[in-house]
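Visitor: I am new to this structure and would like to learn how to read it, feature by feature. Could you take me through it slowly?

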Amino acid sequence: MWSSHSRHDTRMMSGYIVYFAPTFVSLTPTMSSINEKKEDTCDRLPTTNIPPTAPAQRKKLFGNIYHTATLYISIWLVVLGICSLVNRRHDLQLFSLVGSNKSTCVQANVLIPEKNEKIWAEMNEKIGTAVFKESAINWLSGAVRIPTESFDTMDPVGQDPRWEAFGPFHEYLLAAFPRAHAALSLTKVNTYGLLYEWKGSDALLKPLLLAAHQDVVPVAPTTVDQWTHPPYSGFFDGERVWGRGSVDDKSGLIGILSAVESLIEAGFEPTRTVVLAFGFDEESSGFQGAGLLGPALESIYGKNGFAMVVDEGAGFMEQFGSVIASPGIAEKGLLNVRVEVTAPGGHSSIPPKHTSIGILSALLVHCEQNPYKFNIGRHEPIYETLQCAAEHAKSMPSQLRRTIKKSAESNKALKDLQSYIHDDNVLSSLVGTTLAVDLIGGGVKSNALPEQAWAVINHRISVVSSIAEVQAHDTALLKSLAKKFNLTYEAFGSRISEEGAPFSGSLTLSNAFGDGLEPAPITPTGPDAGPYQLLSGTIKATYNAHRSLTDLNSVIVAPSMMSGNTDTRFYWNLSPHIFRYNHHNAGNSASPLGGIHTVNEFTEIDAFLEKIRFFATLVLNADESTSL
């Protein structure tokens, strides 16, 4: 995320030189005129022209020189003050902000269970034992060995036999976690969706919802030989468990059930109800899994019936010399736009100037050459992430740190920060609306002119934009090319081109799959947001306990966001406090996603043990919280 800092820092430093230059430039004429006047005055003072017997005249003359010089100096000081005020008017409050102790990223205290402190201490000790480690390895390895692939093109449950792969996985969970299945009630939604309820003693407390998904991305047969260990072996090499789903997301699902199983064994009985929701088609948009679990949960617990929701998402990693955890508090929207061109067919030996494929190619190139423009705002999740890093990261370059801090009050600094984000592909992808041409088709034979050509452009919509804005942007962007190629133009059900005019083909924009998704609501953060503070304190307590630390800021918690979508898209009605976070330790890797969705997916067993510790601590802290 934080790549190529030195180049950007140098560029921004140059920006500040330019910024302050007008002050000095504006002063140059004033200084020159003063020097010229001074030289002229001195030239008019030859001592031979002053009568030696006229001391009063000499005194008067030198007095005039003194008053003249004083006047010029006064004028110079006034001009200097005015120039400084004009050129730095946006930054007058800024320097007091940067130099003050005002915090833009207040950190939560380490949150350790009090009522259940004994159970928490015993749990921490137990998780550190070799016996528990062996159990954790077996739990995760066993889950990975059962392929639970979901595909984009699957018929509904009951019609497509590929869904039956989840039956053996359910049998495995029942055998692996007997205490959890004895203590929690289980409801199956649409056959394979799992809804567990761990009933608390106080029905007035809103429940805690922990979510994960059972399915994994399919392994392409052509890539099997590229794996260090077979993709469904669950092989443990002494440090890592290998296989598809070992991170995404069986480590989350098994981590949750491992924590619940261990808490039950320790004698914990919840005051606050805990609900587990495990979908089974998250990797293929989630409509049959979480898409039905969400309404089922709302029908049982009501709208906004949960204190908080925690699903898969980010974790923590080292950035700028500090460990930063990044709970996702938002998700971008989604829209797949189908771009379709039709043109007359015929024999390829007598081609037109442009075939439908040629026209489509020009349209797609035009889209890529005109990416969405964006402006970073002060109330966006990524801006909060950067503010936290600037305030707490130990080794952030000083120029970048100053720019981020100044941007809180200075529009000039905010513009400089935007330039930095623009040049960072990861950051710019998180802030702005993106487009990617992912699917294309056209033509049936090499000697036949294609009568139709199409492509699908995948858009990830900025949290401050909307589906309507994306549709309007794409419609306007291609209007001139529709005219250039003499095409009738229809976009999202509306006729754009004039009626009745002769045309040589057509251009149509539409929602490719009917699955557009608006950006997710942004979860509240800050000192008054109880669920966020509880999650932050739990992250800190888990991190410290796993390493026997006591420092308040051994890990910095900075709200962030997801570039993709999770099952939480179906849980918006359940709580305004939705977090995408599963405490995954990404270390200091340049690629925090590792082998997710590709070959050689694995999880460090130490990281998995810490994940279990996190879920156990979260359940205990939520159970006794009075701020949820």
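Guide: Let us begin with the chain as a whole: of the 628 residues of the protein chain, 49% count as buried. The secondary structure comes to 17 helices and 18 strands, and among the contacts with a separation of 6 or more, 79% are accounted for by residues 24 or more positions apart. Please keep in mind throughout that this is a predicted model.

Visitor: Since the model is predicted, what is the mean pLDDT of the protein chain, and over which residues does pLDDT stay under 50?

Guide: The general idea is to look at the predictor's confidence in each residue before reading local detail. Here the mean pLDDT of the chain is 87, and 83% of the residues reach 70 or more. Over residues 1-55, however, pLDDT stays under 50, and the model has 66 contacts beyond four places in sequence for that stretch. Residues 82-100 also stay under 50, with 27 such contacts in the model.

Visitor: Which residues touch the most other members of the largest nonpolar core?

Guide: In soluble globular proteins, nonpolar side chains tend to be buried together. In this structure the largest nonpolar core has 66 residues, of which L173, L210, I254, L263, L276 and F278 touch the most other members. Helix α17, residues 605-624, gives the most to this core, with 11 residues. To see the surroundings of one member, take L276, whose contacts outside its neighbours up to four places away in sequence include L184, L194, L195, Y196 and L209. A second, separate core of 27 residues has I324, I382, C388 and L400 among its members.

Visitor: How many aromatic pairs are there, and how should I read the geometry of one?

Guide: The general idea is to consider both the distance between ring centres and the angle between ring planes, since planes over 60 degrees apart count as edge-to-face. The count comes to 16 aromatic pairs. In one of them, the ring centres of F132 and W139 are 5.9 Å apart and the planes stand at 80 degrees, so this pair is edge-to-face. F132 is buried, with a relative accessible area of 4%, and W139 is likewise buried, at 13%. Another pair, F166 and F280, has centres 5.8 Å apart and planes at 65 degrees, so F166 and F280 are also edge-to-face. That second pair links distant parts of the chain, because F166 is in helix α6 (residues 166-176) while F280 is in the loop between β5 (274-279) and α9 (290-301), 114 residues apart.

Visitor: Are F166 and F280 buried or exposed, and which residues form an aromatic cluster with them?

Guide: Both F166 and F280 are buried, and together with W163 and Y192 they form one aromatic cluster.

Visitor: How many salt bridges does a search of the whole structure find, and which parts of the chain do they tie together?

Guide: The search finds 13 salt bridges, and a useful way to read each one is to ask where its two partners lie. The side chains of D623 and K115 meet at 3.5 Å, N to O; D623 lies in helix α17 and K115 in the loop between α3 (94-99) and α4 (117-127), so the pair ties together parts that are 508 residues apart in sequence. D623 counts as buried, at 4% relative accessibility, whereas K115 counts as exposed, at 53%.

R240 forms a salt bridge with E604, the closest N and O atoms being 3.0 Å apart, and this pair links strand β4 (residues 240-242) to strand β18 (residues 602-604), 364 residues apart. R240 is partly exposed, at 26% relative accessibility, and E604 is partly exposed as well, at 30%. Salt bridges that share partners also join K126, R179, E261 and E265 into one network.

Visitor: What is the nearest side chain of opposite charge to D311, a residue that is buried yet has no salt bridge?

Guide: It helps to compare the distance with the cut-off, which for a salt bridge is 4 Å. D311, in strand β6 (residues 308-319), has R580 as the nearest side chain of opposite charge, 6.9 Å away. Leaving aside neighbours within four places in sequence, D311 is in contact with residues including A211, A212, T566, F579 and R580.

Notes. Residues numbered from 1 in each chain as written. Heavy atoms only, no water. Core = buried A, V, L, I, M, F, W, Y, C linked by side-chain atoms within 4.5 Å. Buried < 20%, exposed > 50% of the residue type's maximum accessible area, 1.4 Å probe, protein only. Helix = DSSP H or I, 4+ residues; strand = E, 2+ residues; numbered from the N terminus. Contact = heavy atoms within 4.5 Å. pLDDT = per-residue confidence, 0-100. Lys, Arg positive; Asp, Glu negative; His and termini not counted. Phe/Tyr/Trp six-rings, centres within 6.5 Å; stacked < 30°, edge-to-face > 60°.
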